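User: Please take a close look at one part for me, the nonpolar core. Short sentences would help.

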Amino acid sequence: MFRSRRSVVVRRLWRSRCPSATGPKPGGENADQEALSVLKLATHSLFKRLRDEQLELLARALEARDTDDRTDCVRFPRSELRIGKQRYWPQLLTCKLFRWPELKHLYQLKRLCVCDCCWRASEDSATVCCNPYHFSRLSEPETPPPPYSKLLPGNHRKSIEDPTEHDATHQLRRNEPTNHQNPDWPDSSSLPVATRDEHWCSVAYWEYRRRVGRMYVVRETSVSVFCDLPRGTGFCLGHLHADGRHELVRRTRGKIGGGILLSKEGDGVWAYNRSEHPVFASSPTLLRGRARGPSVHKVLPGYSLKVFDYQPGRALQRSLSPELSDGPFDPHSVRISFAKGWGPSYSRQFITSCPCWLEILLNHS
């Protein structure tokens, strides 16, 4: 690559920075400006050490953003970049510069299964991937708001109802619980485990109480579920048609966008939110505090959550009561709603009141 061509690629990279990483906020302190200067120096150091092909791969990944599952790894020597007293790991630096300016520590990140390094991650590896779209933020438990009152304030005390509350309903599928979970799952999220000759889950798409389309059987170690993902492959909800869709369903479907990436990994099932709106997840292993039943967790855009944990899943299979669930009880299932939450903290008490949601039925045979 000629020097002029390399300069063009570097300019493309700088144009891809997060807006909040381009300069200090108005009224910012000197410490913020100094930190920004150090970040820029570290970035220049990173760019200089990347080969021409790697720079081009990084530029393509940044321009594709989260719309392509097939962006390549950008490999960098497993060593820290040192600028004065500051030290940066390359993957932390690129994620901080191009996605999350507030990022501080590596433990706040999770490598996605689309990263080739995920399959051969090892402390002995000589390189690391610094493609920021091969990482997500780890979703942290949130403090739940107070329980939502289903009655609006005012003299009329009008009830908030689901527009399909009185419609004829389809029964949710129910799996017979068994006790065949492997007790020796490794405690690692970097070891995908699945074989292509059998499925590890099936995904059903629901609009309120009505299931739309057929069950989608997943045999690969990961699957994208989306409405609009230009270069994505997987379960495309945009291709599913239904008569008489409610207006709220149509609006919610418009927010699904890149949807989620589901992956079966060594320690459980993970969901990565690649859309521009929150998703909400619940499963028997997602418990909060002293809650009597599964909790609903909010997953922000760009974040990942372990939606099903294999190890506690075995014990919970025997201890959770079916009476605590909404509809038929399946101890090996995950429910994910797009853009709308449900439960005690939200206006919708049950997931069947959510306009667009998924039921992930795990194969535990």
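Analyst: A nonpolar core is a set of buried Ala, Val, Leu, Ile, Met, Phe, Trp, Tyr and Cys residues joined through side-chain atoms within 4.5 Å. Buried means under 20% relative accessible area (over 50% is exposed, in between is partly exposed; 1.4 Å probe, protein chains only). The model is predicted: local features need pLDDT of at least 70, side-chain atom pairs count only at pLDDT 80 or more, and totals for chains, interfaces and linings use all residues. Residues are numbered from 1 along each chain as its sequence is written, and side-chain values use heavy atoms, without hydrogens and water.

Start with the core. The largest one holds 36 residues. Its members that touch the most others are Leu 237, Leu 262, Ile 336, Leu 358 and Ile 360. Strand E15, residues 303-309, gives the most to this core: 4 residues. (Strands, E, are DSSP runs of at least two residues, numbered from the N terminus.)

Now zoom in on Ile 360. Leave aside its neighbours within four places in sequence. Ile 360 is then in contact (heavy atoms within 4.5 Å) with Cys 201, Ser 202, Val 203, Leu 262, His 332, Ser 333, Val 334 and Ile 336. Leu 262 and Ile 336 appear in this contact list, and both are also among the core residues with the most touches.

Another core lies apart from this one. It has 23 residues, including Phe 47, Phe 76, Leu 81 and Cys 130.

Next, the rings. The whole structure contains 4 aromatic pairs. (Rings of Phe, Tyr and Trp, by its six-membered ring, pair if their centres lie within 6.5 Å; planes under 30 degrees apart are stacked, over 60 edge-to-face, the rest tilted.) Trp 206 and Trp 357 are stacked, because their centres are 5.2 Å apart and their planes meet at 10°. Trp 206 sits in strand E7 (residues 201-207) and Trp 357 in strand E17 (residues 357-362). The two are 151 residues apart, so this pair links distant parts of the chain. Trp 206 is buried at 2% relative accessibility. Trp 357 is buried too, at 0%.

Phe 280 and Tyr 346 pair edge-to-face, 5.5 Å centre to centre with 75° between planes. Phe 280 lies in strand E13 (residues 279-282), and Tyr 346 in the loop between E16 (333-338) and E17. The pair therefore ties together parts 66 residues apart in sequence. At 5% relative accessibility, Phe 280 is buried.

Last, the cysteines. There are 0 disulfides (pairs of cysteine sulfur atoms within 2.5 Å) in the structure. For Cys 354, the nearest cysteine sulfur belongs to Cys 356, 9.3 Å away. Cys 354 is buried, at 0%.
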